[in-house]
Amino acid sequence: MTPISLKARFSANIALLFPDRPLLDRIDAAAACGFDMVECHFPYEHPVEALAERLSAAGVRMTGLNTRPGGPGEWGRAALPGREEAFRADLDEALTYARALGVKAIHVMAGHPLPSDREAAVATYVANLREAADRAAADGITLLLEPLNGYDRPGYLVSRADEIAAILAEIDRPNVKLLFDFYHVQIGEGDLVRRFRRLLPLIGHVQVAAVPDRGEPDGGEIAYRAIFEEIAGSGYEGLVGLEYKPRGDTAAGLAWIEAMNIV
Ligand SMILES: O=C(O)[C@@H](O)C(=O)CO
Ligand SMILES: [Mg+2]
């Protein structure tokens with residue numbers, strides 16, 4: 001099996017990996033497994049100084065985080081008409097953490113608008129993101145928009161990568177990009193390789209997990225070795241987030257990397 005050179009671009013998603021321990025301890029666990037990058041969803045229950053200290057002690061860099069999910073059932077507020085102030089506060093908070101930790105990518109969570117409000121929600125999303133992008137650009141930060149599949153997140157504003165591509169054209173800011181999570185895209189749209197190639201100029205980050213169980217990317221309906229070959233040979237220069245729910249012990253489950261001869 002020919003080696004695939006990608007390991008140096010893996011970032012361990014500590015929102016899902018190492019679920020048996022508290023968030024800060026997951027940084028050490030990732031380092032012990034050889035990762036020097038982690039990404040995170042919502043670090044906000046920890047003071048940024050505590051995170052900075054743990055990351056520095058472990059020799060690990062945080063590469064991505066999300067804006068706060070908001071109240072029950074919101075899952076972000078960037079696309080909620082009338083909640084612009086709340087979104088601004090979410091962005092302020094994410095930027096504060098990102099600047100202090102040297103994080104260069106923020107996943108901006110859209111939210112669940114009322115279906116009857118969809119047009120207004122997209123307009124709010126576009127306006128909020130233009131303003132947010134201009135603020136983030138000052139620190140060289142990229143904002144990521146991710147489609148979340150309709151089985152896991154029914155009612156989320158965007159469930160398909162192609163919808164995001166159209167919205168990105170409207171936003172028209174170079175530092176707003178598509179987060180292409182192969183797990184969600186497979187469930188929502190499929191045709192992974194052709195879609196990845198077509199959308200490549202818009203892609204700022206990718207994530208991987210098996211479908212349908214969202215476990216290690218070594219089983220299920222996606223032939224991940226072919227996907228990793230594609231990523232490595234495509235010209236994509238960004239990171240690969242390992243955002244999956246380990247089927248058992250996280251460290252033992254990482255055996256898929258060697259089994260696929262990813263170096
Ligand atoms: O895939 C996901 O669910 C995530 O990347 C995320 O950021 C939270 O929805
Ligand atoms: Mg994802």
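# A guided tour of the predicted barrel model

Begin by selecting Pro-212, which is found in the loop between strand E7 (203–208) and helix H8 (224–233). The model on display is a predicted one. Show the backbone here: a cis peptide bond joins Val-211 and Pro-212, with omega at about 10°. Then move to Arg-214, which lies in the loop between E7 and H8 as well. Its phi is near 60°, a positive value in a residue other than glycine.

**The barrel**

Next, colour the strands. Which strands close into a barrel, and in what order? There are 8 of them, arranged as E1-E2-E3-E4-E5-E6-E7-E8, and the pairing is parallel. On average, neighbouring strands of this sheet are turned by 30° against each other, direction ignored. In general, strands of a sheet pair through backbone hydrogen bonds, either parallel or antiparallel.

To see where the barrel closes, select strand E1 (residues 10–13) together with strand E8 (residues 240–242); these run parallel and are joined by 3 bridges. Within this pair, Ala-12 has Leu-242 of E8 as its bridge partner. Now add helix H4 (residues 118–137), which packs on the sheet and touches strand E4 (105–107), strand E5 (142–145) and strand E6 (176–181). The direction of H4 makes about 145° with that of E5.

Return to E1 and select strand E2 (residues 37–39): the two pair in the parallel sense over 2 bridges. Here the bridge partner of Asn-13 is Glu-39 in E2. Include helix H1 (residues 23–32) in the selection, and a right-handed β-α-β unit made of E1, H1 and E2 is displayed.

**The annotated domain**

Select residues 27–259, where UniProt, in an unreviewed entry, places the feature "domain: Xylose isomerase-like TIM barrel". Over this range the chain is 43% helix and 13% strand. The end C-alpha atoms of the range are 24 Å apart.

**Around ligand 1**

Now centre the view on ligand 1. Which residues surround this ligand? They are His-41, Asn-66, His-107, Glu-146, Leu-148, Asp-181, His-184, Gln-207 and Glu-243. By class, the residues of this shell divide into 1 nonpolar, 5 polar and 3 charged.

Finally, highlight Glu-146 and Glu-243, which are covered by the "active site" annotation of the unreviewed UniProt entry. Although spread over 98 residues of sequence, they cluster in space, the largest C-alpha distance being 13.1 Å. Glu-146 lies in the loop between E5 and helix H5 (161–171). Both residues also belong to the group surrounding ligand 1, and the tour may end with that group in view.

Technical notes:
Residues numbered from 1 in each chain as written. Chains lettered and ligands numbered in written order. Predicted model: local features only at pLDDT ≥ 70, side-chain atom pairs only at ≥ 80, totals over all residues. UniProt positions renumbered as here; feature names shortened; annotations may be inferred. Helix = DSSP H or I, 4+ residues; strand = E, 2+ residues; numbered from the N terminus. Pairing = 2+ DSSP bridges. Axes fitted to C-alpha atoms, helices over the stretch in contact; angles between N-to-C directions. Contact = placed C-beta atoms within 7 Å. Near = placed C-beta within 6 Å. Nonpolar A, V, L, I, M, F, W, Y, C, P; charged D, E, K, R; others polar. Right-handed = clockwise from strand over helix to strand, strands pointing away.
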